Amino acid sequence: MTTMAQETAARPPEAPRDADVRRHELAAFLRSRRERIAPEQVGLPRGRRRRTPGLRREEVAQLSAVGVTWYTWLEQARDIQVSVQVLDALARALLLDPSERAHLFRLAGAADPTPATTCPSVTPAMRAVLEQVEPFPACLQNSRYDILAYNRTYGLLLCDLDAVPPEDRNCVLLSYTHAEWQSSIVHLEETQRLMAARFRATMAGHLTEPAWKMLLKRLRTESPAFRTAWDRHEVVAHRTRRKEFLNRHVGRLTVDHTDLWLTPGAGPRIVTYVPADEDSRERLERLHALAEDRGFAAQVRGASARSTPR
């Protein structure tokens, strides 16, 4: 007759659950990213008694606006729930690049709600359409106003869009938080009011989706002007309208804005800006030529770097 102890000893050890493995891998990944960042990189003083390599846990918690105890539990692989908003804040605080950010969300078992550098819905055919529209500015946006793809002219229309991180390429966010983008809009206050009203109208169908909630929270946190506009509860439908921009390269532009919807509903669309007068047409052609020259120069620099002996 076998005893309980003998039965327990004979039983094979249980394989670790997938969730447990993910939590421990996530904890190790967070520690490794925290330890590689110098305090000066995120605007914190180093101090004289620092022994921890990189950032302390409490510093990461402070930068991410989460509790120190909660973040400590996360690095200890405790079984706690992590929202996409917190993951986004951690990715920013730890200065993660796109690959590291994607890895963080995969380990947490969550979908990254921000637009990626590459988007499966942006097909080569769609990019070809954007290029064929040139010299007129054009981009591909989703219903949340994320800029998923754009042609070279659009890339220099309101700012140097290539220099903006992919997760920040959102028309509402740029209209309220990006100084150069704002300076390029002639009727800024009216544009901001309409953007907030359109965003509210469109968000009615996405009220519980994390990506929309996270964008709204970020807008309310970073822009007092947006909070004021949002609290008015105005709603406006999409419509074609004339716009005026003050481009830093070629001057004033008057264009007609048109949305080319790709689905029956108000989802993804191609946004185009067609010149409303001959002066604007000539200036857009000059802007396109400038964008082409910059693109060619970047290709030359890249080829030179690849061919330079190491």
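Select Cys139 and Cys171 and show their sulfur atoms. In this predicted model, the sulfur of Cys139 has its closest cysteine sulfur in Cys171, at 5.7 Å. Why is there no bond between them? A disulfide requires two cysteine sulfur atoms within 2.5 Å, and 5.7 Å is too far because of that limit. Cys171 is likewise in no disulfide, its nearest cysteine sulfur being that of Cys139. The count of disulfides therefore comes to zero under this rule.

Now colour the two cysteines by relative accessibility. Cys139 is at 0% and counts as buried. Cys171, at 8%, counts as buried too.

Next, select Ile147, Tyr154, Leu161, Trp181, Phe199 and Phe226. These belong to the largest nonpolar core, which has 39 residues, and they touch the most other members. To see where this core comes from, display the elements that each supply at least two of its residues:

- strands S2 (147-150), S4 (251-261) and S5 (269-275);
- helices H9 (171-177), H11 (188-203) and H12 (210-222);
- helices H13 (224-230) and H14 (278-307).

Which of these gives the largest share? Helix H9 does, with five residues.

Stay in this core and centre the view on Phe199. Leaving out residues up to four places away in sequence, Phe199 touches Arg144, Tyr145 and Val172. Its list of contacts also includes Trp212, Leu215, Leu216 and Leu219, along with Phe226 and Trp230.

Move on to Leu74, Leu87, Leu90 and Leu107. They are among the 23 residues of another core, which lies apart from the one just visited.

Leu107 also leads to the next stop, helix H6, which covers residues 98-107. Select the buried residues of H6: Glu100, Arg101, Leu104, Phe105 and Leu107. Then look down the helix axis. The buried residues fall within an arc of 165 degrees, so they line one face of H6. What do they pack against? Show helix H2 (18-35) and helix H5 (84-93), the partners of these buried residues. Turn to the other side of H6, where Pro98, Ser99 and Arg106 are exposed.

Finish at the two ends of H6. At the N-terminal end, select Asp97 and Ser99: Asp97 caps the helix, with a side-chain oxygen 3.1 Å from the backbone nitrogen of Ser99. Past the other end, select Gly109, just after H6, and check its backbone torsions. Gly109 takes a positive phi of about 65 degrees.

Note on methods. Residues are numbered from 1 along each chain as its sequence is written. This is a predicted model: local features need pLDDT of at least 70, side-chain atom pairs count only at pLDDT 80 or more; totals for chains, interfaces and linings use all residues. Side-chain values use heavy atoms; hydrogens and water are left out. Buried means under 20% relative accessible area, exposed over 50%, partly exposed in between (1.4 Å probe, protein chains only). A nonpolar core is a set of buried Ala, Val, Leu, Ile, Met, Phe, Trp, Tyr and Cys residues joined through side-chain atoms within 4.5 Å. Helices (H or I, at least four residues) and strands (E, at least two) are DSSP runs, numbered from the N terminus. Contact means heavy atoms within 4.5 Å. The arc is that of the directions from the helix axis to the C-beta atoms. A polar contact is a pair of N or O atoms within 3.5 Å; within protein, one must be able to donate a hydrogen and the other to accept it, and residues adjacent in sequence count only if both atoms are side-chain atoms.
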